[in-house]
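Work through the exercises below with the sequence and the coordinates at hand, and try each task before reading its solution.

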Amino acid sequence: RYDPTVLRSGLWAKNATMGQNLLLSTRYKISNGWSSLVEGGYSDANRLRILPQIANYNVSTGAGTMTTTETPKTTNINTYLKAQLENLSSFWVVDNDFVVGVNHNSRDVNNPASTKSTTPQNIYQPVTAPLQAPFGTLKYVPQNTNDLGYYFSDEMSFYKRAHIVAGARYLEYDGNYTLSGGVDEVRKTYLWVPSFGATFDLTRKLALYTSYMKALSETGAAPIGAVNYPDVL
């Protein structure tokens with residue numbers, strides 16, 4: 001009895017997204033063995049989503065309730081900056097690649113807390129449902145994070161067969177999250193994160209390697225309905 005080709009909401013049920021990305025990168029040779037790299041990037045995305053869902057319906061009659069969730073005006077802006085120096089050198093049987101630099105990442109997200117409306121709907125004999133308005137007062141919950149890091153790494157190759165890489169990054173991370181209840185959550189982290197790796201080429205096609213790395217990783221945002229939506233740990 002259920003016809004999956006029939007529209008059970010309306011033409012207003014949309015998920016529309018628009019975004020753009022820009023990346024610039026330049027490398028400059030300073031002198032023999034020394035070079036610099038400068039990069040910058042920007043991206044943004046805007047989304048409108050209106051999502052209807054039917055639940056609590058009677059299997060025999062088809063009568064149920066359609067709940068429409070609106071998440072309008074979601075915006076995401078990301079920026080990226082990086083500058084580093086690199087030195088390539090060789091002595092005896094060792095090739096050395098040393099890098100030192102700084103990078104910065106920022107993210108500004110505004111994902112309003114969703115608002116909902118309900119209307120009757122029949123899954124077997126649906127009628128075109130009008131868009132329910134107003135949905136309610138929007139609750140803006142902006143998230144702003146900044147990640148600044150100073151780093152260095154050194155890669156040494158012995159006889160072009162054994163390779164050792166070691167480095168570290170000192171990061172300064174701060175995030176400001178407005179929760180759906182209107183409370184601001186501020187997080188600050190200062191941390192040294194090391195990395196190490198070694199590779200030994202047994203043949204041209206076979207190698208042994210080991211590595212260790214430590215980093216700071218964000219979680220996803222706490223979901224809608226959670227007490228701490230949209231907190232990021």
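**Exercise 1: a residue in strand β6**

Task: in this predicted model, decide whether Gln-143 is buried or exposed, and then locate Gln-143 in its strand.

Solution: The relative accessible area of Gln-143 is 6%, and buried means under 20%, so Gln-143 is classed as buried. As for its place, Gln-143 belongs to strand β6, which covers residues 142–158. A further step is to look across the fold, where the C-alpha atoms of Gln-143 and Tyr-177 are 4.5 Å apart although 34 residues separate the two in sequence.

**Exercise 2: the surroundings of Arg-169**

Task: find out which side chains make polar contacts with the side chain of Arg-169, and classify its accessibility.

Solution: Begin with the strand, since Arg-169 is found in β7, residues 162–178. Its relative accessibility is 16%, which is under the 20% limit, and Arg-169 therefore counts as buried. Next come the polar partners: the side chain of Asn-103 is reached at 3.0 Å, and that of Asp-147 at 3.4 Å. Leaving aside residues up to four places away in sequence, Arg-169 also touches others, including Leu-148, Gly-149, Tyr-150 and Trp-192.

**Exercise 3: a nonpolar surface patch**

Task: identify which residues form the nonpolar patch on the surface, and state how Leu-85 is classed by accessibility.

Solution: The patch consists of Tyr-28, Ile-30, Trp-34, Leu-85, Val-100, Phe-152 and Trp-192, which together have about 710 Å² of accessible area. Leu-85 sits in strand β3, residues 63–91, and because its relative accessibility is 36%, Leu-85 is classed as partly exposed.

Key. Residues are numbered from 1 along each chain as its sequence is written. This is a predicted model: local features need pLDDT of at least 70, side-chain atom pairs count only at pLDDT 80 or more; totals for chains, interfaces and linings use all residues. Side-chain values use heavy atoms; hydrogens and water are left out. Patches are made of residues with over 30% relative accessible area and no salt bridge: like charges are joined within 9 Å, nonpolar side chains (Val, Leu, Ile, Met, Phe, Trp, Tyr) within 5 Å. Accessible areas come from the Shrake-Rupley method with a 1.4 Å probe; for residues, only the protein chains shown count as cover. A salt bridge is a side-chain nitrogen of Lys or Arg within 4 Å of a carboxyl oxygen of Asp or Glu. Helices (H or I, at least four residues) and strands (E, at least two) are DSSP runs, numbered from the N terminus. Buried means under 20% relative accessible area, exposed over 50%, partly exposed in between (1.4 Å probe, protein chains only). A polar contact is a pair of N or O atoms within 3.5 Å; within protein, one must be able to donate a hydrogen and the other to accept it, and residues adjacent in sequence count only if both atoms are side-chain atoms. Contact means heavy atoms within 4.5 Å.
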